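User: I have a new model open and I'd like to learn how to read it. Could you walk me through some features, general idea before example?

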Amino acid sequence: GIRRSLRNASLLVPLCLTLSAFWCGYGVILVLAGQGALPEPGDARDALVPGLAALALALLLVAVVGFLCGEPLLALLAAAVALASAHEVALHYSSSLGPSAVACGHLLACLVGGYFALGRILYFLTKGKVALPGTDLAEKKAQEQNRGVPGSTNPFTAPGLLLNALSASVFCCRLLGATHKLFLGHVPWLWVAGTYQMGICVLSYRAMDALMATAFGFTSILQFAAGYCLLHPAWQPEEPSLPTPFLVVFSILFAVLALFLSLQSPVDGLYLLVFVTYCIALACSPRGFFAGGPQGVAVVVFVASASVALIHLYNVRARAKIPTGKGAVKALLARSSLLKLREGPDLHAPYLGYSKYADAEVLAYACSVLASFALTTPGDPQAPLATVVIPWVVVAGGILKLLGGSVAFARGKTLESSAFILYAVMWIIWGLTRYGGLHGATRSFHAAVGIVAFMLFNGFIVFCSLFLNVAWFFYSLTFTLVAVSFLLDAIHALPTGYDLAASLVFGLVSFYCFLATLSSSTFEGGCLPVGGPMVQLGGVRAGATKCLHLPARKASSVKRIADILRNGGTCGIPTDTVYVLVAACSRPDAVEKAHRSKRQAQDRPMSLWISSLKQLEPAKHLFTPLLWDFMEAAWPSPISLVIPRGEWVDFLGMRDSAKYVGTPRSVAIRIPDCSVTTHLIDLVGPIVVTSANPTGEADTTHHNQVYAKLGDKVDAVLCAGPSPENIASTVVDCTKIDSGNIGFFRVGIIPKSQV
């Protein structure tokens with residue numbers, strides 16, 4: 001369901017993710033009860049009720065939207081489990097109800113699932129002739145296409161919001177008296193919500209919704225912090241204390257994100273303001289999550305989460321949308337000459353190639369802010385766990401920054417991803433060591449050696465950031481100051497106030513990078529400068545405005561590459577083997593340019609590619625029957641045939657390009673087994689091809705390597721990620737085929753036996 005959800009707007013994804021999260025928490029609580037971790041008579045009830053109540057409401061919302069949008073089976077399934085959960089809540093408070101109603105709800109869910117399975121089995125056995133009502137997915141898909149459901153809506157927003165309602169229900173039930181205390185039994189609900197929200201954060205990046213992904217990253221931090229606070233009394237009698245300055249900073253980050261999110265969807269922006277209030281309430285309450293003030297705000301979070309989730313559930317499926325205010329914001333900004341929103345298909349396109357993820361740098365910088373300000377809390381050396389610092393440092397600075405680094409790596413940002421992953425590892429190790437009680441009163445020489453090794457790695461990142469931009473240089477440099485404070489602390493030489501100053505400086509620089517990245521991803525031109533590279537490398541940034549990188553999955557990209565080739569350009573394109581450099585045969589100037597840029601060796605001449613043998617039909621009489629039959633049998637495939645040069649070359653309109661192709665006696669020709677390449681040849685005509693690397697170097701197996709090896713000598717690159725193969729084509733000598741002999745200039749992906 002998750003894999004297909006980005007193409008099909010369906011309620012199946014919210015239903016499956018919601019059920020998965022709730023049943024995961026439910027199962028963990030049953031395990032805790034079975035292991036004797038919930039010893040009191042009412043503990044199991046107090047632990048289960050908040051999750052069951054939230055599950056009943058969440059599935060009821062899915063059921064309502066399912067009935068309204070024409071998905072009766074899914075709606076019936078959601079309603080059955082919702083009723084079972086509601087009856088189980090009632091059963092915990094009144095034994096007279098009996099478990100029969102709960103069993104009936106689950107039995108109804110089983111019957112609906114069995115009906116659907118039977119319908120699909122009959123559909124496959126009868127090859128589509130028999131389909132029970134509601135089980136014909138082909139008909140459903142056709143209806144969705146006719147309905148024209150836009151794919152721009154993030155289908156993962158609704159389950160993320162429902163998880164916020166789940167965590168809020170823990171504190172709502174305590175405030176309303178439905179449960180008697182907050183304790184260990186509630187931790188599974190909170191940590192399951194946080195874990196699943198991290199997953200939804202990644203899926204939101206896949207859905208190209210960077211702002212909502214960042215919001216779910218923020219809320220997941222709150223869930224883990226709340227779970228930590230409820231877990232702490234299990235081994236210490238006192239309640240843990242929350243660092244007030246950190247929560248103020250967190251509220252500021254929430255407020256800034258809410259402001260930018262309101263430009264995309266005012267409803268979602270207003271929703272995030274509730275979490276600003278939540279953080280302020282936590283900062284004002286010494287008891288934190290155990291106080292009545294934050295629990296009162298949790299009631300608002302619960303109601304707001306359920307309401308906004310209902311809007312998103314409906315808008316994912318319905319043709320007539322519930323307005324979220326986006327149109328009004330766009331109309332308002334259209335009148336402004338200063339601010340212009342970034343929109344369009346290239347909004348999340350990285351510089352080199354394409355990515356399946358939106359940019360996660362906003363979340364990574366925000367996590368740096370949170371982790372650095374959390375370090376300003378000294379805590380009690382004798383009881384380091386009594387101050388809630390580990391969730392902010394380990395979860396925010398470590399796990400979420402690791403997530404941001406992984407997404408940056410997927411987008412081709414090698415330096416940024418390396419830095420984020422390295423810093424994440426450091427935050428996790430130091431957070432657990434210093435604030436997890438692992439450090440102890442004594443300091444270790446081995447810890448100091450590890451920090452020095454880390455500083456050497458970071459020194460390399462600082463050096464590389466000179467070639468990136470000014471903001472990144474100061475970001476990596478100020479983290480060195482934080483690492484120095486770690487080192488001085490490890491060797492008992494930390495000056496008073498140095499760690500506080502270093503953390504604040506790094507936090508402020510990270511906050512500026514957070515604002516700059518957020519503004520540049522939202523507005524055209526960017527409002528806050530990040531500066532250019534402090535050291536310029538020739539040939540690296542110079543071609544930034546010259547070489548286009550277009551995703552191969554789009555037909556418009558292939559058409560644009562075709563236009564460039566027709567106008568005399570050279571392009572790097574993917575094939576059925578490795579990436580190649582191509583030029584149109586009809587443009588001798590482009591063929592000469594490709595020959596020059598490749599520094600082509602005389603013993604490795606350029607080859608000729610066509611898309612179909614029909615292009616050679618007018619010259620068929622110039623080929624021997626055996627050679628023609630062999631070409632028909634061999635193509636399309638990664639087999640290049642070296643055939644005698646003759647008058648047939650003139651039928652392809654090569655004119656002056658012919659002198660650069662092949663040798664005076666022979667020409668290598670091929671029909672590639674790649675739909676993108678053959679479609680491009682259909683648009684341009686026959687093309688001249690050579691490998692996309694300087695002569696003598698290894699084959700190019702990724703679109704990033706094309707520009708790295710050839711620089712601005714190539715006009716555009718059609719990006720398809722890694723090559724399907726790492727081996728080039730097989731080159732067969734067919735110049736003497738009529739005498740019964742063939743040879744091999746190169747044995748590539750196709751072995752001799754197959755030829």
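Analyst: Here is a tour of the sheet, a helix, some loops and the cysteines.

User: Sounds good. Any ground rules?

Analyst: This is a predicted model, so to speak of local features we need pLDDT of at least 70, and side-chain atom pairs count only at pLDDT 80 or more, while totals for chains, interfaces and linings use all residues. Residues are numbered from 1 along each chain as its sequence is written, and side-chain values use heavy atoms, with hydrogens and water left out.

User: Let's start with the sheet. In what order do the ten strands lie?

Analyst: The general idea is that strands of a sheet pair through backbone hydrogen bonds, either parallel or antiparallel. Strands here are DSSP runs of E with at least two residues, helices are runs of H or I with at least four, and both are numbered from the N terminus. Two strands pair if DSSP finds at least two bridges between them. In this model ten strands form an open sheet in the order 1-8-2-3-7-4-6-5-9-10, with mixed pairing. Strand 1 (548-551) and strand 10 (743-746) are at the edges with a single partner strand each, so one side of each has no neighbour in the sheet. From one strand to the next, the twist averages 30 degrees; axes are lines fitted to C-alpha atoms (for helices, over the stretch in contact), and angles run from 0 to 180 degrees between N-to-C directions.

User: Which strands pair with strand 8 in the parallel sense?

Analyst: Strand 1 pairs with strand 8 that way over four bridges, and strand 2 does so over two bridges. Look at Val 717 in strand 8: His 549 stands opposite Val 717, and so does Gly 572. For an antiparallel case, go to strand 5 and strand 6 (residues 666-670), which pair over four bridges. There, Pro 644 stands opposite Ser 666.

User: Are the residues of strand 8 buried or exposed?

Analyst: Buried means under 20% relative accessible area, exposed means over 50%, and partly exposed is in between (1.4 Å probe, protein chains only). Ala 716 and Leu 718 point one way from strand 8, Val 717 and Cys 719 point the other way, and all are buried. Helix 24 (residues 703-710) lies across strand 1, strand 2 (571-573), strand 3 (580-584) and strand 8 (716-719), at about 160 degrees to strand 8.

User: How do I read the faces of a helix? Which residues of helix 22 are buried?

Analyst: Look down the axis and see where the buried residues fall. In helix 22 (residues 625-634), Leu 627, Trp 628, Phe 630, Met 631 and Ala 634 are buried. They fall within an arc of 160 degrees, so they line one face of the helix; the arc is that of the directions from the helix axis to the C-beta atoms. On the other side, Pro 625 and Ala 633 are exposed. The buried residues of helix 22 pack against strand 5 (639-644), where contact means heavy atoms within 4.5 Å.

User: What is special about the peptide bond from Trp 635 to Pro 636?

Analyst: That bond is cis, with omega near -5 degrees. Pro 636 sits in the loop between helix 22 and strand 5.

User: What does His 180 touch?

Analyst: His 180 is in the loop between helix 7 (157-176) and helix 8 (187-206), and is exposed at 53% relative accessibility. Leaving out residues up to four places away in sequence, His 180 touches Arg 45, Asp 46 and Arg 174. A polar contact is a pair of N or O atoms within 3.5 Å; within protein, one must be able to donate a hydrogen and the other to accept it, and residues adjacent in sequence count only if both atoms are side-chain atoms. The His 180 side chain makes one with the side chain of Arg 45 at 2.9 Å, and a polar contact of 3.4 Å joins the side chains of His 180 and Asp 46.

User: Finally, how many disulfides are there?

Analyst: A disulfide is a pair of cysteine sulfur atoms within 2.5 Å. The count here is zero. For Cys 367, the nearest cysteine sulfur is that of Cys 201, 8.6 Å away. Cys 367 is buried, with a relative accessible area of 0%.
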